[in-house]
Amino acid sequence: MSFAERDGLIWFDGKMVPWREAKTHVLTHTLHYGMGVFEGVRAYATDNGPAIFRLQEHTERLFRSAHILNMNMPFNASELMEAQKAVVRENNLTEAYLRPMCFYGSEGMGLRADNLKTHVIVAAWEWPSYMDPAAKEQGIKIRTSSYTRHHVNITMCKAKANGNYMNSMLALKEALDCGCEEALLLDNEGYVAEGSGENIFLVKNGVVYTPELTSCLEGITRDTIMRFCADIGLEVREKRITRDEVYVADEAFFTGTAAEVLPIREHDGRVIGSGKRGPVTEKLQRMYFDQVCGRRDAYPEWQTTVIS
């Protein structure tokens, strides 16, 4: 089904608008130049009803992204958190993927970006697992992309910006065309950066490794997993990682709001570890799903129920 032909409500510039009426003009500035910021957020079913996972952190990152791109925000963080709760509630969703996005309108055209207004939408819909459910156990195949992750002085890598994801789309399409499920992008110096929309972790000799936060996005799921590692006594080292270190890892996995915790079984034709989800990945994956579904007592502040 086309995303334009769904039923429901979308929060648009402070009002709930029927889904099919949430439209913009073809001369919308962001459509032409890509200057905008967004978030990917999930709500999960819990015993207390649907709960949005780490709503505050996602909203704070949205505002950081807008600040980096010098976009003036017409709403404050509290208003946007309430909007995200409202779209889940008003659409009667028990689980949901949420998409808050800020974009420039059709008030002007050209690179000067004069007299433009920042518009904000929040949509929510049912979106199942990013990958085949079997992939959560069996893992996925990835390949090193021929596309380089953005250089830190070419675009703003700390902003979750709309235009940045053209690079991700090209890398992912290339990987899919080669029979893999995901891409691994290297930075401009040849070190491992991230997937097309995920952070990456390796496990080697009982130590968990992840790339330094230079050109890769500061993932909220990444932070969640690092907190879990600390809780269970797993050492995490942030360092530069080469792709051949991925080849010889005991385990590897991606993290992200869409991907959740996703094992990697093969990279560039090399089997990683046992060729399926490893024990550390399995433990962290189980902790993650227990957390987002409200089955853990730790970090209650990470769950925001949508029904007061």
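Buried here means under 20% relative accessible area, and by that cut-off 51% of the 308 residues of the chain are buried. The model is a predicted one. Its secondary structure adds up to eight helices and 17 strands. As for overall dimensions, the radius of gyration is 20 Å, which agrees with the value near 19 Å for a compact globule of 308 residues. Along the principal axes, the C-alpha atoms take up a box of roughly 55 × 45 × 35 Å. Among contacts with a separation of 6 or more, 69% come from residues 24 or more positions apart.

On to the aromatics: there are 13 aromatic pairs in the structure. Take Phe38 and Tyr165: the ring centres sit 5.1 Å apart with the planes at 65°, so this pair is edge-to-face. It ties together distant parts of the chain, with Phe38 in strand β3 (residues 36-38) and Tyr165 in helix α5 (residues 165-177), 127 residues apart. Phe38 is buried at 10% relative accessible area, while Tyr165, at 22%, is partly exposed. Tyr299 and Trp302 make a stacked pair, because their planes are at 10°, with the centres 4.1 Å apart. Both of these residues are buried, and both belong to one aromatic cluster with Phe53, Phe228, Tyr288 and Phe289.

The outside has its own nonpolar feature. The accessible surface of the chain is about 14700 Å², and carbon and sulfur atoms hold 49% of that. A surface patch of nonpolar residues is formed by Val26, Leu27, Leu31, Tyr33, Met109 and Leu111, together offering about 660 Å² of accessible area. Val26 lies in the loop between β2 (15-18) and α1 (29-33) and, at 60% relative accessibility, counts as exposed.

Terms used: Residues numbered from 1 in each chain as written. Predicted model: local features only at pLDDT ≥ 70, side-chain atom pairs only at ≥ 80, totals over all residues. Heavy atoms only, no water. Patch = residues over 30% accessible without salt bridge, like charges linked within 9 Å, V, L, I, M, F, W, Y side chains within 5 Å. Areas by Shrake-Rupley, 256 points an atom, 1.4 Å probe, with all protein chains shown as cover. Salt bridge = Lys/Arg side-chain N within 4 Å of Asp/Glu carboxyl O. Helix = DSSP H or I, 4+ residues; strand = E, 2+ residues; numbered from the N terminus. Buried < 20%, exposed > 50% of the residue type's maximum accessible area, 1.4 Å probe, protein only. Rg over C-alpha atoms; globule rule 2.2 N^0.38 Å. Contact = heavy atoms within 4.5 Å. Phe/Tyr/Trp six-rings, centres within 6.5 Å; stacked < 30°, edge-to-face > 60°.
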